[in-house]
Amino acid sequence: MRDAQPKNIYLKDYQSPLFLIDQTHLRFDLFEDYTQVDSRLVMRRNRQQHQNNNEPLVLVGQQLALLDIKVDGELLTSADYLLEGDLLTIYKVSNNFELEISNRIEPQNNTALEGLYKSSGMFCTQCEAEGFRRITYYLDRPDVMSIFTTEVIADKARYPILLSNGNAVAQAELAAGRHSITWHDPHKKPCYLFALVAGDLMVKDGSFTTMSGRMVELKIFVEPQNIDKTDYAMDALKRSMKWDEDKYGREYDLDIFMIVAVDDFNMGAMENKGLNIFNSSCVLANPQTATDAAYQRIEAIVAHEYFHNWSGNRVTCRDWFQLSLKEGFTVYRDAQFTADMNSKTVKRIEDAAIMRTVQFAEDAGPMAHPVQPDSFIEISNFYTVTIYEKGAEIVGMIHKLMGDAGFRKGSDLYFERHDGQAVTIDEFVSAMEDANNTSLTQFKRWYKVAGTPRVDVVSHYDAEAKSYRLDFKQSTSEAFLIPIELGLIAQDGSVLEASLSSCAENKADCYDGQLFQLTETEQSLIFSDVAEEPVPSLLRDFSAPIKLNYAYSRDQLLFLMQFDSDGFNRWDAGQNLALDVIFEVMQQQKNGQPITVDQRLITAYQGLLQQSGLDYAMLAKAMLLPSVSYIAETQAEIDIHAINNARSQVQAILADALAEDLLCLYEKLNTQTAYLPEPAQMAQRGLKNTALAYLLKSSDPQYCQLAVNQFGTNDNMTDSMAALSSLVNSAYSTAASIALEEFYQQWSAEPLVVNQWLAVQAGSVEYGNLENINKLLSHEAFDIKNPNKVRSVIGTFAGQSLVNFHAVDGAGYQLLADKIILLNTLNPQIASRLVAPLSKWRRYVASQGVQMKKQLQRIMAQEDLSKDVYEVVSKSLAAE
Ligand code: PHE
Ligand code: ZN
């Protein structure tokens, strides 16, 4: 337990700042054992918002050694200020003044990776959300925006490259082999967007000419050994810059844009103004070391951080309750970009899968929160799938409601109206409303209420009257506005042209032939002149983040798999069919009956394989059975082992039944083409490797050799890793061990590859993996202080090796709790994220839930629990 219980911070308590900082002048003197930070702040009272305020100035700082304070050049004595905990109160300041503060910090001992820290010999920063207070005393809140000038001083031989935001404006050679570079950022910004980097780095150069003809220098800084892994990020960056001009009319606004790759990073990347800092795993790639999945991740994250320049930096958040203002919108923008660069439908399928597994689970667990939360203990805990992905879904729904042109008018107005401001989610919605002359009052409920809405749909066909009715019923007592795309499909597979004869009272315009706006808790659509009973295709394109129930028969699902003109629903019909079959097998297992798999599922999958002309990327998605975590999410009480057994049985039966077709497909796709990270090739490799993974699940041992061959002969990491993964996740443990050993020998010098090697083992779905996890944790390649390694081993174990994490003796839970306790002091953010798998203990069968709870209680009893871990664990244990 901790001494004082951490406090909740409430949105309703928001107050605009009492002071503003017009200019921020920072000077960093970097040494090996400490860094001295000298700040000079040009400040004034915020008289516009607080007329008669004569309050003292209160700054926040964490783990800083204060040296001295001056106000308007006068050194303060200890009577002039109070330093208590994280707060520095300066009693007497005038309306306009200059504040100078000197303090020291120890970046070399910073394992939390917030503020200024060292990673692989270089200095770097991470200030979002509240890391700047670990650098100097400041008004560390996003609605205080300032013009930053930053001088960085360091030993020139060790740190030839010195970077900060904006443009380099001065440079000096200093005594004792030191040098200094001064950066000036002409755009005012909150301190969470501040960044500094110092290191011995190599740079990849590029350039981009903006729509108004300005030349922008592009630079990607990496450790020298990684310079051959920068091409793709540079290419993705240029495409992002062009796309944001074309799609949103957004031009870049500095003469230089820099990306730095660092090995130790808590998240994926950070959008610091003009100086993005990336987790090296989200920026570095070459064909030999990176998989297609990594390439796709890099493309999306480079775009995401770049897009923040407008949605986040030019227009930022008023307070952290508005986090989704920038994150939801930016995730939506990067999803659109990915959809444009690759397959739209496949991107939609992937995003829906994340919503339905991870986000719906979060929304049904103890950390459930609205997209605009109303309280938090530690903001770092709110960088969640709800804020990011559900936030993006909400923006997507606004897009559907406004249409393309209306949405663009809304975003234009938003950027124009709020440029240079720190605003709220409400202001984003208002811009959309005003630009379209419409009201989104009811719609805003999406931002304020946690939980996943459910909609039950029932259909009635009246053959005599030739009318067809769909009744919709929302699960919540107060209705959401839910955009539901739908179509009716005739028996010959064509889209039925039916006319709408009535909607709910006075809502004649609620359906435009594609999009139905459900606004009531109960509402019906009645179609007339319907010659035959159609099959409804509901929630096309996953048009809202809800659970929609309609009692499809298996034959109807088979029909939709074949005929639905909406690609997403074609895929979803297949998933629902497979799900239904898996449920049946679970039931058979429970009753001790023999296992049978509905022949129609097998025939349908066969049909998919034999159907020529189907998009490879789509086919790969269609072939995959619903994941264990998705199936778990559909259960009232989760029994991972029952789910896994049933799913594996179905998978094995399918693999045997389809083996010939799969082999045929594999051979057709296994062409020797030089690797390119482009969509068509990625789709081909993806499908080929899906076929391979299936074949290794069949009972015929001959296919093991296929994986062994692919592992030995290929020119790219995608195919090596896929072969290795199919071996590790199979019964061929000897072949897997040999391949793993060989792989490590070859790649031990490439940390990003070694992380994949750790992850593929940690995530094994084969029983008995726990012992191996312990080996990996003591392997020379593991380092508890490196978040990527922690995620590769511990995160992947708890998230993917589900039957082992949920080992019946509770050993998996105990292992995770041990590591959370260790990380609680080293890196609270990482520790806290690892609690999620345990936090949902109430959803599991009692025998497991009790053991999960026990581990949470053990964590709770620790001394010095960080705010981060405390919040998640205490909320998980709180009475319902
Ligand atoms: N703002 C970053 C992004 O989503 C994420 C991040 C948050 C990174 C906090 C570091 C710390 O782009
Ligand atoms: Zn972001």
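**Exercise 1. The eight-stranded sheet**

Task: Work out how strand β12 and strand β15 pair, and place them in their sheet.

Solution:
- Strand β12 covers residues 146-155 and strand β15 covers residues 178-189; they pair in the antiparallel sense over nine bridges. The model is a predicted one.
- Take one bridge. Alanine 154 has histidine 179 in β15 as its partner.
- Now widen the view. The sheet is open, has eight strands and runs in the order β6-β5-β9-β3-β2-β12-β15-β14. Its pairing is mixed.
- Find the edges. They are β6 (74-75) and β14 (167-173), and each pairs on one side only.
- Keep the general rule in mind: strands of a sheet pair through backbone hydrogen bonds, either parallel or antiparallel.

**Exercise 2. The three-stranded sheet**

Task: Give the strand order of the open sheet of three strands, and explain why one side of β4 and of β7 is left without a neighbour.

Solution:
- The order is β4-β8-β7, and the pairing is antiparallel.
- β4 (57-60) and β7 (81-84) stand at the edges. Each has a single partner strand, so one side of each lacks a neighbour in the sheet.
- On average, neighbouring strands here are turned by 15° against each other, with direction ignored.
- Look at β4 and β8 (residues 87-90). Four bridges join these antiparallel strands.
- Within that pair, valine 58 stands opposite threonine 89 in β8.

**Exercise 3. Two cysteines without a bond**

Task: Explain why cysteine 127 and cysteine 191 form no disulfide.

Solution:
- Recall what is being sought: a disulfide is a covalent bond between the sulfur atoms of two cysteines.
- Search the whole structure. The count of disulfides is zero.
- Check the distance. From the sulfur of cysteine 127, the closest cysteine sulfur is in cysteine 191, 6.8 Å away.
- Apply the cut-off. A disulfide needs sulfur atoms within 2.5 Å, so 6.8 Å is too far for a bond.
- Check from the other end. Cysteine 191 has its closest cysteine sulfur in cysteine 127.
- Add the surroundings. Cysteine 127 is buried at 0% relative accessibility, and cysteine 191 is buried at 1%.

**Exercise 4. The zinc site**

Task: Identify the protein donors of the zinc ion (ligand 2) and describe the geometry of the site.

Solution:
- The protein donors are His304 (NE2), His308 (NE2) and Glu327, which is listed twice through OE. They lie 1.9 to 2.8 Å from the ion.
- Read the spacing of the donor residues in sequence: H-x3-H-x18-E.
- Both histidine 304 and histidine 308 are buried.
- Turn to the angles. The six donor atoms give angles of 49 to 162°, and the site is irregular.

**Exercise 5. Helix α16**

Task: Test the span of helix α16 (residues 717-728), then decide whether the helix is enclosed or open.

Solution:
- At 1.5 Å a residue, the twelve residues should span 16 Å. The end C-alpha atoms are 16 Å apart, which agrees.
- Eleven of the twelve residues are buried, so α16 is largely enclosed by the rest of the structure.
- Among the buried residues are Met717, Asp719, Met721 and Leu727.

**Exercise 6. Unusual backbone**

Task: Compare the settings of serine 120, leucine 539 and alanine 129.

Solution:
- Start from the norm: most residues other than glycine have a negative phi, and most peptide bonds are trans.
- Serine 120 has a positive phi, near 45°. Serine 120 lies in the loop between β10 (115-119) and β11, and is partly exposed at 42%.
- Leucine 539 also has a positive phi, near 55°. Leucine 539 sits in the loop between β31 (535-538) and β32 (547-549), yet is buried at 5%.
- The peptide bond from glutamate 128 to alanine 129 is cis, with omega near -5°. Alanine 129 lies in the loop between β11 (122-126) and β12.

Definitions and conventions: Residues are numbered from 1 along each chain as its sequence is written. Chains are lettered from A and ligands numbered from 1 in the order in which they are written. This is a predicted model: local features need pLDDT of at least 70, side-chain atom pairs count only at pLDDT 80 or more; totals for chains, interfaces and linings use all residues. Side-chain values use heavy atoms; hydrogens and water are left out. Two strands pair if DSSP finds at least two bridges between them. Helices (H or I, at least four residues) and strands (E, at least two) are DSSP runs, numbered from the N terminus. Axes are lines fitted to C-alpha atoms, for helices over the stretch in contact, and angles run from 0 to 180 degrees between N-to-C directions. Buried means under 20% relative accessible area, exposed over 50%, partly exposed in between (1.4 Å probe, protein chains only). Donors are N, O and S atoms within 2.8 Å of the metal (3.2 Å for Na, K and Ca); water is not among the atoms, so sites may look incomplete. Four donors count as tetrahedral if all angles lie between 85 and 135 degrees; four count as square planar and six as octahedral if opposite donors are over 155 degrees apart and all others between 65 and 115; anything else is irregular. The expected span of a helix is 1.5 Å times one less than its number of residues.
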